[in-house]
Amino acid sequence: MAKDTQPNPPQDGGDAGALSDKTMRIQQLFIKHQLGLRAFILSLEPNFTDAEDLLQEVFLVVTRKANEFQEGTNFFAWACTIARYKLLESLRRRARSQELSEEVIEALCAVEPEAQFDDSRLVILQQCLEQLAPKARQMMFLRYYGEHSPSEIAQLVSWTPNAVRVALSRARSVLQECLERGLRQEGAK
Amino acid sequence: MIDERLIVLLDAYLDGSLSAEEKQELERMLLESDAARRHFWDRTSLHGWTYAAAKLNYGARPAEEVARERRQLRGASFATLVSSLRRFGWKIALAGAACVVALVFWNRFHAADAVDEEDLATEVPVETAVTNGIAMLTRETGVVWTSETNSVEAGSQLSPGWLQLKSGAIQVEFESGASVIVEGPAELQLISPSEARLRSGKLSAHVPEPAHGFKVYTPDVTVTDLGTEFGLDREPSKPVEVEVFEGKVEVALDSTNPPQLLNAGEGVRISSHRAEPMAEVNSSEFLSAEELARRESAELRTRYQGWKQVDRMLDSDSAALVHLNFEEQRNLDRNLINRAGGMRASGQAMIFGCDWVDGRWPGKGALQFSRATDKVRLIVPGQFQSLSYVTWVRVDSLPNAWNALALVDTFKTGETHWQLHRNGSMELSVRQVGGKSGWDRLLSRPIITRALLGHWIQLAAVYDGDEGRMSLYLNGRQVATKLARWRQPLTLGTLELGNWSPPAARAGAGYLLREFHGRMDEFTLLSRPLSSEEIRWMYEFGKPRETLNVARLNPDSSSAP
């Protein structure tokens, strides 16, 4: 009963025939990996709006270069490479005070961090977020759902910016421990 | 053992509060140590995943609960939205950006008078507007029109006249069945269902059997199609070229020379009234129908993605009461998720009847209203000093004297109605006292012209209680405004989108049927006045195509009373 999971309208509806099949498949892959990709981008570009812009550019490049992608190889790694190039390109265009240098970004990516962006982490983190103490949860809500900076949060809750930073940092550490615990349990299953 | 200093620096990096010295320190640590690089990913991947988790967790909760948490967020500002839209805008704009800028500063004010219900009888229904279409614009990609008068969009009927394309490409299907693809810059005159004139540009024609005899004139040569496919290239300072890919065509230079027959694989280059045979023809120099379709589809996807990413920002406006974007819903869903996160946000909306269909873009959800019982209903409690409505609809027809956008049935002082008249004008009205004179109405001139039927449009209505002003908008432009006759709080109660179901005893039979005929794929209601700039930006980011930004408001003289 009412358990139809067919999304409507379907993602590939309408003019599907107009794009090549391969491009369509690659776009589907993008959609599938989009949460992980956004998370990856946010690691190198922590500002939410800039990261969103970058994600959109990556979508455009992925669409344009769909034919260059060798199916069966790692899509996520390919898309991360595109994201990295796009980021470096935008940093060269407009240097920003907070972003890391090109050299550092290259060194970081050499670590091959793709495993950190597997969707399984999201599910665990969603639970961890709910288990936070009320104050910590509120901090995370304001920072990540409301997309407020620590100084904006400070105004909203009438704390000092420094107190907010400390609270955010503690909440992150609690989340990180919770996540690692969850991953270990998952690995043990 | 994790270096605590590294964690402090990483968190400052994530929160955007690194000083120049701290940044240097962090970079040094990251370059020097492999362990530090691993810690970097542990900590920063948490940043991205928490973002996703928070959005998903809170997004899935009942609006009241989110609203409670949100009490901390006094005035999540729309200014932030506007500024990020602005920035985003330059990224996404493909063409016509200059027009956008020009139009932002271009507002027309049309004072409107209140009407009596009797006036409705004299309104001319939109359907009776005459049209002499000889062709249809079927596809377009990256189009920039040279003049405002040309701003037609895919799906539009085309009348005889010039199409002047600065760039991009279009496909035009003539009523005879002939179809042409024109690449800009180009100037094409539509003459009749089987005749066109190309002053400049690149044209390829596909002419099926019933349309044989289709003619394209150029200043140097007339091409008559006798077979199926040919290309015509007339670029400045180059001799005009005619190439036949399939079937045959007749080429006539002028009346003194007999026409010349060209077969498939043949071509001529014409200069100084002489036709030189071409060594080879190459259909790949012309844009194929497949490639045009592919480009168009990629463009639409890009806009859809762009809209998605900015649309969710509306949810966090603290004044948002209702935000239905019809996304991520399944075809059996009988309720619509209200994504508004404002303190006074309403609950979910219920769907009665209505079919799920495609919205502004392929893949975007929308509801089709076509039966007398189709409607969306939700409860909006409370009184409001100001209200702003914004919706994206595709009007199919206006069969009733009044056609509902958003109506209520309280019959109380302050009840607010938003609807379209049979003649295509839009009305916002607030009830003051009983009887027909008891309404404070703002009525636009007829704005839903025949050319707009079947196309996605943005409609907006604002009751600004601070200024005491009522305003109406079509596609980001103000189409009517006036000062309110009374100042009073507004009420909604049970809000119906696309229909009206008052208790039968209360309604006069003539005004009972108000069902909307068309599609809706977004509806937003805020408890504060939106500025015309905000509405303009919402339009720019919500419009289905990039080329829509000029002259939708081309006054259609045939439907003006």
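Colleague: Which residues does B:Gln171 touch, leaving out those up to four places away in sequence?

Modeller: This is a predicted model, so read everything here as prediction. B:Gln171 touches B:Met136, B:Leu137, B:Thr138 and B:Arg139. It also touches B:Ser179, B:Val180 and B:Ile181, and then B:Ala289 and B:Leu292. B:Gln171 itself sits in strand E3 of chain B, residues 161–174.

Colleague: Is B:Gln171 buried or exposed?

Modeller: Look at the relative accessible area. Buried means under 20%. B:Gln171 has 9%, so it is buried.

Colleague: Now a helix. What span should helix H2 of chain A have?

Modeller: Use 1.5 Å a residue. H2(A) covers residues 48–64, which is 17 residues, and should span 24 Å. Its end C-alpha atoms are 24 Å apart, so the two values agree.

Colleague: How many residues of H2(A) are buried?

Modeller: 14 of its 17 residues are buried, so the helix is mostly covered. Look at its start as well. There, a side-chain oxygen of A:Asn47 comes to within 3.0 Å of the backbone nitrogen of A:Thr49.

Colleague: Salt bridges next. How many does a search of the whole structure find?

Modeller: The search finds 35 over all chains. The cut-off is 4 Å, from a side-chain nitrogen of Lys or Arg to a carboxyl oxygen of Asp or Glu. Take A:Glu89 and A:Arg93: their closest N and O atoms are 3.8 Å apart. Both residues lie in helix H3 of chain A, residues 75–93. They are four residues apart, about one turn of the helix.

Colleague: How accessible is A:Glu89, and how accessible is A:Arg93?

Modeller: A:Glu89 has 34% relative accessibility, so it counts as partly exposed. A:Arg93 has 55%, so it counts as exposed.

Colleague: Which parts of chain B does the pair B:Glu25 and B:Arg5 tie together?

Modeller: Start with the distance. The closest N and O atoms of B:Glu25 and B:Arg5 are 2.8 Å apart, in a salt bridge. B:Glu25 is in helix H2 (residues 20–32) and B:Arg5 in helix H1 (residues 4–14), so the pair ties together parts 20 residues apart in sequence. B:Glu25 is partly exposed at 21%. B:Arg5 is partly exposed too, at 34%.

Colleague: Where do B:Asp521 and B:Arg360 lie?

Modeller: They also form a salt bridge, with closest N and O atoms 2.9 Å apart. B:Asp521 is in strand E29 (residues 517–526), and B:Arg360 is in the loop between strands E17 (355–358) and E18 (365–369), so this pair ties together parts of chain B that are 161 residues apart in sequence. B:Asp521 is buried at 0%. B:Arg360 is buried at 5%.

Colleague: Which residues are linked in a network of salt bridges?

Modeller: A:Arg143, A:Arg172, B:Asp11, B:Asp15 and B:Arg43.

Colleague: Last, the backbone. What is the peptide bond from B:Gly184 to B:Pro185, cis or trans?

Modeller: Most peptide bonds are trans. The one from B:Gly184 to B:Pro185 is cis, with omega near 0°. B:Pro185 lies in strand E4 of chain B, residues 179–192.

Colleague: And what is phi of B:Phe326?

Modeller: Most residues other than glycine have a negative phi. For B:Phe326, phi is near 60°, a positive value. B:Phe326 lies in the loop between strands E14 (320–324) and E15 (335–336) of chain B. At 1% relative accessible area, B:Phe326 is buried.

Colleague: Where is B:Cys354 found?

Modeller: In the loop between strand E16 (349–352) and E17 of chain B. Phi of B:Cys354 is near 60°, again positive. B:Cys354 is buried, with 3% relative accessible area.

Technical notes. Residues numbered from 1 in each chain as written. Chains lettered and ligands numbered in written order. Predicted model: local features only at pLDDT ≥ 70, side-chain atom pairs only at ≥ 80, totals over all residues. Heavy atoms only, no water. Helix = DSSP H or I, 4+ residues; strand = E, 2+ residues; numbered from the N terminus. Buried < 20%, exposed > 50% of the residue type's maximum accessible area, 1.4 Å probe, protein only. Contact = heavy atoms within 4.5 Å. Expected span 1.5 Å × (residues − 1). Polar contact = N/O pair within 3.5 Å; in protein donor to acceptor, adjacent residues only side chain to side chain.
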